[in-house]
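Visitor: I would like to know what stands behind the terms used for this model. Please take me through them one by one.

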Amino acid sequence: MRINKSNEFSPEQIRDFVVRGMLEKKAQDIVVMDLRNVKNAICDYFVLCSGNSDTQIDAISTSIEEEVYKASHQDPWHKEGKLNREWILLDYVDVVAHVFKKDRRSFYDLEQLWGDAEIQHIDESMLSVAS
């Protein structure tokens with residue numbers, strides 16, 4: 001199991017910063033998957049969203065990085081997919097953000113793959129809650 005590199009912010013706080021970054025760029029179909037009670041889970045939370053274009057998913061991932069950094073001064077431990085812009089992954093150790101182009105999301109279907117996770121759907125009305 002990986003160790004959180006920052007003791008100052010809980011996984012729940014990082015999760016909320018990620019959601020805020022997604023909402024800021026009008027990400028669609030935002031889902032928080034709570035993996036804490038899933039055997040062999042690689043982190044505490046997956047946060048997934050979709051975008052309509054390469055440009056939008058790039059903007060969403062940039063917004064996530066900005067929101068997390070602004071609030072916690074943390075950069076992702078690892079990131080992938082910025083060049084392809086079909087599935088961008090931002091790994092904050094305890095929280096992993098997945099920004100998908102719509103067709104890629106349905107193809108990989110992480111919600112089904114991690115079906116034991118508790119799933120919460122997020123919408124724009126929660127922007128003020130995440131702030």
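Guide: Start with a pair of strands. Strand 1 and strand 6 run antiparallel and are joined by five bridges. Bear in mind that the model is predicted.

Visitor: What makes strand 1 and strand 6 a pair?

Guide: Pairing takes at least two bridges between two strands. Strand 1 and strand 6 have five, so they qualify as paired. In one of these places Glu118 of strand 6 is the bridge partner of Asp34. In another, Ile30 stands opposite Ile122 of strand 6.

Visitor: How do you know that strand 1 also pairs with strand 2?

Guide: The test is again at least two bridges. Five bridges join strand 1 to strand 2, and the two run antiparallel. Val32, for one, has Val47 of strand 2 as its bridge partner.

Visitor: Why are strand 3 and strand 6 called edge strands?

Guide: The open sheet has six strands in the order 3-4-5-2-1-6, with mixed pairing. Strand 3 and strand 6 (118–122) each pair on one side only. Neighbouring strands of the sheet are turned by 15° against each other on average, direction ignored.

Visitor: Why does Asp34 count as buried?

Guide: Buried means under 20% relative accessible area. Asp34 has 12%, so it counts as buried. Its place is in strand 1, where five of the seven residues are buried.

Visitor: Which residues does Asp34 touch, not counting those up to four places away in sequence?

Guide: Asp34 touches Asp44, Tyr45, Ala117 and Glu118. Closer in sequence, there is also a link between side chains: a polar contact of 2.5 Å joins Asp34 and Arg36. The limit for a polar contact is 3.5 Å, and the 2.5 Å pair falls within it.

Visitor: Why is Ser50 called buried?

Guide: The cut-off is again under 20%. Ser50 has 5% relative accessibility, so it is buried. Ser50 is found in strand 2.

Visitor: What makes the pair Ser50 and Arg105 a polar contact?

Guide: Their side chains make this contact at 3.1 Å, and the definition asks for N or O atoms within 3.5 Å. Beyond four places in sequence, Ser50 is in contact with Ala27, Gln28, Ile60, Phe100, Lys102 and Arg105.

Visitor: How far apart are Ser50 and Ile60, C-alpha to C-alpha?

Guide: They are 9.1 Å apart in space and ten residues apart in sequence. Contact is judged on heavy atoms within 4.5 Å, not on C-alpha atoms, so the 9.1 Å does not rule it out. Ile60 is indeed among the contacts of Ser50.

Visitor: How do you know that the span of helix 2 is close to the expected one?

Guide: Helix 2 (residues 54–72) has 19 residues. From first C-alpha to last it reaches 27 Å, and 27 Å is expected at 1.5 Å a residue. Just after helix 2, His73 takes a positive phi of about 60°.

Visitor: Which elements do the buried residues of helix 2 pack against?

Guide: They pack against helix 1 (11–24), strand 2 (45–51), strand 3 (78–80), strand 4 (87–91) and strand 5 (95–101). Among these buried residues are Ile57, Ile60, Ile64 and Val68.

Visitor: How does helix 1 lie on the strands?

Guide: Helix 1 lies across strand 1, strand 2, strand 5 and strand 6, at about 0° to strand 2. Helix 2 packs on the sheet too, and its direction makes about 165° with that of strand 5.

Visitor: What makes a set of residues a nonpolar core?

Guide: Its members are buried residues of certain nonpolar types, such as Val, Ile and Tyr, joined through side-chain atoms within 4.5 Å. The largest such core here has 24 residues. Those with the most contacts inside it are Ile14, Val18, Met22, Ile30, Val47, Ile64 and Tyr92. Helix 1 supplies its largest share, six residues. Apart from it lies another core, of 13 residues, including Val31, Leu35, Leu48 and Phe100.

Visitor: Which contacts does Tyr92 make, leaving aside neighbours within four places in sequence?

Guide: Tyr92 is in contact with Ile14, Val18, Ile64, Glu65, Val68, Gln74, Asp75 and Pro76.

Methods. Residues are numbered from 1 along each chain as its sequence is written. This is a predicted model: local features need pLDDT of at least 70, side-chain atom pairs count only at pLDDT 80 or more; totals for chains, interfaces and linings use all residues. Side-chain values use heavy atoms; hydrogens and water are left out. Helices (H or I, at least four residues) and strands (E, at least two) are DSSP runs, numbered from the N terminus. The expected span of a helix is 1.5 Å times one less than its number of residues. Buried means under 20% relative accessible area, exposed over 50%, partly exposed in between (1.4 Å probe, protein chains only). Axes are lines fitted to C-alpha atoms, for helices over the stretch in contact, and angles run from 0 to 180 degrees between N-to-C directions. A polar contact is a pair of N or O atoms within 3.5 Å; within protein, one must be able to donate a hydrogen and the other to accept it, and residues adjacent in sequence count only if both atoms are side-chain atoms.
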